[in-house]
Amino acid sequence: MAMPDSAPPPVLTLDGPSGSGKGTIGQLLAGRLGWHFLDSGALYRAVGYLARRHGIDAGDAETVADLAARTDIRFAPQHGALAGVIANGEQIGPEIRTEESGEWASRVAALPAVRRALLQKQRDFRQSPGLVADGRDMGTTVFPGAVLKIFLTASPAMRAQRRYKQLKEKGFDVNLARLVGEIEERDARDAAREASPLMPADDACVLDTSNMSIAEVVHHVLALLHERLGQQA
Ligand code: C5P
């Protein structure tokens with residue numbers, strides 16, 4: 001699996017709607033491969049969170065994009081699916097993981113100027129020996145040359161259940177019926193927007209995880225990846 005020295009580090013993209021399992025599966029894959037992990041949703045969540053805290057209107061493209069461009073966002077060394085981030089040196093806790101923060105993230109993420117401001121920041125995560133990138137447009141826009149692109153789906157009921165469990169475990173007060181509505185609304189906005197909508201890349205492998213265990217998905221993706229990397233060697 002040796003790569004020529006000049007080859008950029010390989011990228012595995014995992015896109016899909018909320019609750020499709022990207023975060024959990026992406027982190028497991030990154031751990032198994034010893035690759036870096038980019039949780040791109042956390043970048044949008046951090047920008048949305050900071051905009052809200054600074055009283056900036058989520059529709060004010062110029063001001064939010066300027067905020068996104070000026071904010072250095074890093075992940076704490078151990079970032080679980082519900083962990084926070086460090087924005088301009090400030091630790092922002094798990095509050096960026098609430099559905100309300102997801103809603104703000106989705107609103108600022110619909111602004112093309114914000115997406116442009118975050119593009120290079122996301123590409124900078126492509127470091128040796130490789131990167132697993134999780135989001136909505138990893139395979140279509142951010143890493144179009146990824147060695148393997150996976151688009152994860154699952155039934156809306158299953159996705160809501162997963163999010164519910166995740167948020168409950170973190171101690172958030174959640175209502176399943178309301179969560180279903182919020183997830184549907186967020187996914188609809190993400191899929192309908194003009195700038196980098198939620199959609200599989202033409203060359204993505206679409207995987208419905210509704211009836212698959214996490215271990216099965218990880219195993220399947222690793223097999224696909226090793227096949228691709230083998231073809232490149
Ligand atoms: O993945 P997560 O639920 O944390 O993402 C929060 C929101 O950020 C999504 O609903 C979406 O609007 C936005 N997002 C995006 N592009 C990405 C990752 C997330 O637009 N690559």
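Visitor: Which element gives the largest share of the shell around the ligand, and how many residues does it contribute?

Guide: That share comes from α2, with four residues, where helices (H or I, at least four residues) and strands (E, at least two) are DSSP runs numbered from the N terminus. Please keep in mind that this is a predicted model, in which local features need pLDDT of at least 70 and side-chain atom pairs count only at pLDDT 80 or more, while totals for chains, interfaces and linings use all residues. Residues are numbered from 1 along each chain as its sequence is written, and side-chain values use heavy atoms, with hydrogens and water left out.

Visitor: Which residues come nearest to the ligand?

Guide: A residue counts as near if one of its heavy atoms lies within 4 Å of the molecule. Here 16 residues surround the ligand, and those that come nearest are Arg45, Arg115, Arg186, Asp190 and Arg193.

Visitor: What polar contact does the side chain of Arg45 make with the ligand?

Guide: A polar contact with the ligand is a pair of N or O atoms within 3.5 Å. In the side chain of Arg45, an N or O atom is 2.6 Å from an oxygen atom of the ligand, for Arg115 the corresponding distance is 2.8 Å, and a polar side-chain atom of Arg136 lies 2.9 Å from a ligand oxygen. The protein buries 96% of the 450 Å² that the ligand exposes when taken alone, with areas from the Shrake-Rupley method and a 1.4 Å probe. Two or more shell residues come from each of α2 (40–53), α4 (99–109) and α8 (176–192).

Visitor: How many helices and strands does the protein chain have?

Guide: The chain has nine helices and eight strands, and its C-alpha trace spans about 50 × 40 × 35 Å along the principal axes.

Visitor: Where do the cis peptide bond and the positive phi occur?

Guide: As a general idea, most residues other than glycine have a negative phi, and most peptide bonds are trans. In this model a cis bond, with omega about 5°, joins Ser128 and Pro129, and Pro129 lies in the loop between α5 (112–123) and β6 (131–135). Asn88, although not a glycine, has a positive phi of about 45°, and Asn88 is found in the loop between β4 (85–87) and β5 (90–92).

Note on methods:
A polar contact is a pair of N or O atoms within 3.5 Å; within protein, one must be able to donate a hydrogen and the other to accept it, and residues adjacent in sequence count only if both atoms are side-chain atoms.
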